[in-house]
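User: I am new to this structure and would like a close look at a single part, the largest nonpolar core and the cysteines beside it. Please take me through it slowly, explaining each term as you go.

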Amino acid sequence: MTVVHPHRQLARAVAGASKPGTPIRHARGVVISSTIGQSVVTLDGGATNVTAFNYGHVASLPAGTVVDALVVGHKTYVIGAYGTPQATFRARVHRSGAWTTVNGSGIFGYDTIDTDPSGSYNTGTGQFTCPVPGLYRVYAQVWFSPTAAGQREQASIFHGATETTAGSFPVAQAAGAIVLSSVYDEIQCAAADTLQIDHSENVAGVAGGTSGVSAYALFSYLHP
């Protein structure tokens, strides 16, 4: 569904913001319930979520619709609607740049975005920031080609600074055989929480795997 009079909404918001001292910010959120002219929306306000009302000519928006809004003082104006959280709050990324193993652990940076409608994955930090609270599905693969038997790999999921899930832990039986670790979980997150993939190896300096087919990660919103 779409906003019927987005320009009128924006004009009202700007007019309100023109009063000295009136705070204004952009927010993205999810519709909880809606009737003609009034939508209850849970908005992403960083670490804090607020419930706000839309005062304007808005068609009835189905629960779960992702919206953009302007928050002006104590009023919220919905200015765009984009579909369901499941379609919007997701990302698929992969590793295309060269990397080498570490004798230890660290964040694994997927440097290529395949799809990310909400712009939630940061290739600079290797983190996916949850736009809204809810349950998120995470799956990832990391691999390298060992140079000797006994070399190993493990991928893991971090929720913020906490490791929540350790993935498979394959050990090379011989040089050249691919060592691939995968990890999967479903994690309850608050808005602005971060999810990331870490990797650990017991050897440094070995060329790591790069591929959109086998070195990739998926982050996706499931439900509140």
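Analyst: A disulfide is counted here when two cysteine sulfur atoms lie within 2.5 Å of each other. The model is a predicted one, in which local features need pLDDT of at least 70 and side-chain atom pairs count only at pLDDT 80 or more, while totals for chains, interfaces and linings use all residues. Residues are numbered from 1 along each chain as its sequence is written, and side-chain values use heavy atoms, with hydrogens and water left out.

By the disulfide rule, the count comes to zero. The sulfur of Cys-130 has its closest cysteine sulfur in Cys-189, at 3.7 Å, and this is too far for a bond; Cys-189, in turn, is in no disulfide. Both cysteines can be described by burial, where buried means under 20% relative accessible area, exposed means over 50%, and partly exposed lies in between, using a 1.4 Å probe and protein chains only. Cys-130 is buried, with a relative accessible area of 1%, and Cys-189 also counts as buried, at 5%.

A residue that touches both cysteines is Leu-195, where contact means heavy atoms within 4.5 Å. Leaving out residues up to four places away in sequence, the contacts of Leu-195 also include Phe-128, Tyr-136, Val-138, Phe-158, Ile-187 and Phe-219.

These contacts lead to the largest nonpolar core, a nonpolar core being a set of buried Ala, Val, Leu, Ile, Met, Phe, Trp, Tyr and Cys residues joined through side-chain atoms within 4.5 Å. This core has 26 residues, and those touching the most other members are Tyr-110, Phe-128, Tyr-136, Leu-195, Ile-197 and Phe-219. Two or more residues each come from strands S6 (90-95), S11 (134-144), S12 (153-159), S14 (179-189), S15 (194-202) and S16 (211-223), strands being DSSP runs of E with at least two residues, numbered from the N terminus. S11 gives the largest share, four residues. Apart from this core lies another, of five residues, among them Phe-144, Val-179, Val-203 and Val-206. In soluble globular proteins, nonpolar side chains tend to be buried together.

For contrast, Thr-129 in strand S10 (residues 127-129) counts as partly exposed, at 33% relative accessibility. Beyond four places in sequence, Thr-129 touches Ser-120, Ala-192, Asp-193 and Thr-194.
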